[in-house]
Amino acid sequence: MEAVLEQSPPTLAGLVAAAKRGDRDAFRELVEPDLAAALGTARIVTRSEADASDAVQDALLSAWRGLDSLRDPDAFRAWFRRHVVRAALKGAERRGRVVELDLAAAAPEGELDRALDARTLARAFDRLEARDRLLLTLHHFWDLPIAETAAHLGIPEGTVKSRVHYAMDRLRAAFAAEERR
Amino acid sequence: MSDDFEDLLKRWLRDRAGNDRSALQALASNVAALPPRRRRGLSPLASAAVILVAIALGAFLLVPRFGSVGGSRDGTPMNGEAPTWNVELARCGASLATALDAFPMEHARDYRLHLPAMLLSPELDVDDPAFVVVYGEMQPFGGGGAAPPPGQTWAPRSLDPGHHDLCILVGADAATAELNIYANVDTTGMQAAVASTEPAASRVPPNLIPMWAVNIAGQLECDGPVARIGGEFPESFGGPDTLNNSADDALAVFLGPSNPFASIPTAGYTQLHAETHWASFAHLVDGRPKAIVLLTDTTEHGPGWQVAGLRACDASEFDPTVPLTFPVTIWTDQSGNRVSTGTIRSMPGPGHCGWDSVTWLGVEDNLYFRDPQDVMAEWTTTSFALNAQLPPSAIDSGYRSGGGSLWIDPGRDAYVVSADRVERWPRSSDPLIACM
């Protein structure tokens, strides 16, 4: 009779250890759940599909190379996000790039009011500085706790709250200005 | 209003962040093409040290505490075999448990061979042997490598991805070697062992960055603010494919058609400074530097000259007879004085979006198009007209260019009035429009 060995799913620690040994499949398994959010965030912050893809690729490479600096495997997700944040900001600040606002994508058929709001919001949002865009993305899209947002941005927790507040004020002002156009 | 607006923002962020499945799959499959990982554990020498220390510790536990132990007071074995680096680690406030890596350098000046991404550190450009300790966590000495003032603590900080704190001891005797602490060093490409430590003349890192190369913006004589283009040394302006045989060649290539920086003069540069490995050139107007390009032949890309710094005044301050690297038109005021491009500028539309038939005119926060082919119709509510009627609400802006004067109908279009016609330049509904 054949013995059936039941394999338990790999743990986070096991995957991180395997990735540190150079196992790309393990690394892929680690990053794959966060790739969609990473790419979406990078697109919002860089305002460019191509730059977003480059930024996530940069984040993957820097995380892969820097795995040895990750001491706590349980912190992998937050640690990888930090690479994404850094790469996205770098992409946004890249010199000489100009971007096209992808307004068509924000206008689904049959939802005219929402589409108009979305179009206005897109213009308003893209008027914000890259750091404001990132901050609002971390706060309202990733729904990160204040503490983790603070860690990503390297600022005190209290500063996160006030910056989110001011960024929202700026966004509202930009939205109102766009509505008056 | 607040909740509704936040809900709208959240929905929009979700829509905007929504991903094309194929893009995600492409990224995921790129993981398979990542380069092999080079483990950044202890180097072979340091690993050997771990074993030696374990043996020494075992021996220490087995012999009488006050007996004759075969080692020196600092723990270095007396048998002349491989050192344990105990002194070096202790000087750096590290231990084998807290150091991520540790390795000797034959010469301190080799630091960029071992740590290619480390910024230039002139204090290491000496022949003395050196020893590097890479901390696993933050360096233990607090801010500035020193203890905080009494009653105070250093502010918390964090390391960037791929960065580590380093300790580099310079000197043959670890006990007296000069201690250098470096915070948040990019350790990309770090290697404990390097092929050769004897530098070739063409690859030697600069012994000292000349003082004149440190702050080129400070050497400009601008009437207005320094333009937000370029950067100071060691800003990167190109890869290995942009290396040249001489500083002059590198400058000529930099100012050529592929120059990524709009609005710097294509010619008319005078050499400001030159010494071994370094040169700088300035675009002078009435003897005043308005743009400075710094070059060096000691970049991390290997032998060859390359631009390493660029700072410039606004394009309106350059010699008007010299073409710019990108054809920005400088407007004048009614007295004929050239106006800053921060206030008004016009330029051809980006060709890669098929907008090169258009002239873009930016006036403060507004954008107007001279668009005879109506290719920008999506962003305008009126169209270009070659012979328009100047509306009574239009106001003379006072700006002039090529025999035309610019009139603005507030909130609406711009009009360029010349001797024989009035052109209407429609206003863009989006002043931030750009081309990907």
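Here are two short exercises on chain B, each with a worked solution.

This is a predicted model, where local features need pLDDT of at least 70, side-chain atom pairs count only at pLDDT 80 or more, and totals for chains, interfaces and linings use all residues. Residues are numbered from 1 along each chain as its sequence is written, while chains are lettered from A and ligands numbered from 1 in the order in which they are written.

**Exercise 1.** Work out which strands stand at the edges of the sheet in chain B.

*Solution.*
- Start with the order: three strands (DSSP runs of E, at least two residues, numbered from the N terminus) make an open, antiparallel sheet, β9-β10-β11 of chain B.
- So the edges are β9 (344-348) and β11 (366-370) of chain B: each has a single partner strand, which leaves one side without a neighbour in the sheet.
- Now look at one pair (pairing takes at least two DSSP bridges): β9(B) and β10 (residues 359-363) of chain B run antiparallel and are joined by five bridges.
- Zoom in, and you'll find B:Ser346 opposite B:Leu361 in β10(B).

**Exercise 2.** Find where confidence is lowest and where it is highest in chain B.

*Solution.*
- Get the overall picture: pLDDT, the predictor's confidence in each residue from 0 to 100, averages 75 in chain B, with 74% of its residues at 70 or more.
- Then go to the extremes: helix α3 (residues 44-62) of chain B is lowest, with a mean of 32, and strand β14 (residues 414-417) of chain B is highest, at 96.
- Finally, note that pLDDT stays below 50 over residues 39-82 of chain B, and also over residues 196-207 of chain B.

Conventions: Helices (H or I, at least four residues) and strands (E, at least two) are DSSP runs, numbered from the N terminus. Two residues are in contact if their C-beta atoms, placed from the backbone, lie within 7 Å.
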